[in-house]
Amino acid sequence: MEFLKELFLFLRTRKKFWLIPLILILLLLAVLIIATGTSALAPLIYTLF
């Protein structure tokens, strides 16, 4: 959690707010990849795409 705190402080200090949506999209993709590979939700997610 310390990494996320430092990342947020960096973005706020450097006024790089445009990076926040990019980071969120990458995190959502990572969660989707993990969910499709290791859970019972994989067949459901595959049918959505």
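Read along the sequence, this predicted model follows the pattern α-α-α. Its secondary structure consists of three helices and zero strands. Among these elements are α1, which covers residues 2–14, and α2, which covers residues 19–38.

The surface of the protein may be considered next. Of the 49 residues, 12% count as buried. The exposed area of the protein is about 4500 Å², and carbon and sulfur atoms supply 78% of that area.

Part of the surface forms a nonpolar patch of about 380 Å². The residues that make this patch are L22, I25, L26 and L29. One of them, I25, is found in helix α2.

Helix α2 also takes part in a second feature, the largest pocket, to whose lining it gives two or more residues. The space in this pocket amounts to about 180 Å³. Its lining is formed by F3, L4, L7, F8, L11, I20, I23, L24 and L27. Two or more of the lining residues come from α1, as is also the case for α2; the largest share, five residues, belongs to α1.

What is the chemical character of the residues in the lining of the largest pocket, nonpolar, polar or charged? The lining divides into nine nonpolar residues, with no polar and no charged residues. Leucine and phenylalanine positions such as L7 and F8 are included in this lining, together with the isoleucines I20 and I23.

Helix α2 thus appears in both descriptions: I25 of the nonpolar surface patch lies in this helix, and α2 joins α1 in lining the largest pocket.

Conventions:
Residues numbered from 1 in each chain as written. Predicted model: local features only at pLDDT ≥ 70, side-chain atom pairs only at ≥ 80, totals over all residues. Heavy atoms only, no water. Patch = residues over 30% accessible without salt bridge, like charges linked within 9 Å, V, L, I, M, F, W, Y side chains within 5 Å. Areas by Shrake-Rupley, 256 points an atom, 1.4 Å probe, with all protein chains shown as cover. Salt bridge = Lys/Arg side-chain N within 4 Å of Asp/Glu carboxyl O. Helix = DSSP H or I, 4+ residues; strand = E, 2+ residues; numbered from the N terminus. Buried < 20%, exposed > 50% of the residue type's maximum accessible area, 1.4 Å probe, protein only. 1 Å grid on protein atoms, 1.4 Å probe; cavity = no way out; pocket = protein on both sides within 12 Å on 5 of 7 lines; lining within 4 Å. Points joined across faces, edges and corners; volume = space filled by probe spheres on them. Nonpolar A, V, L, I, M, F, W, Y, C, P; charged D, E, K, R; others polar.
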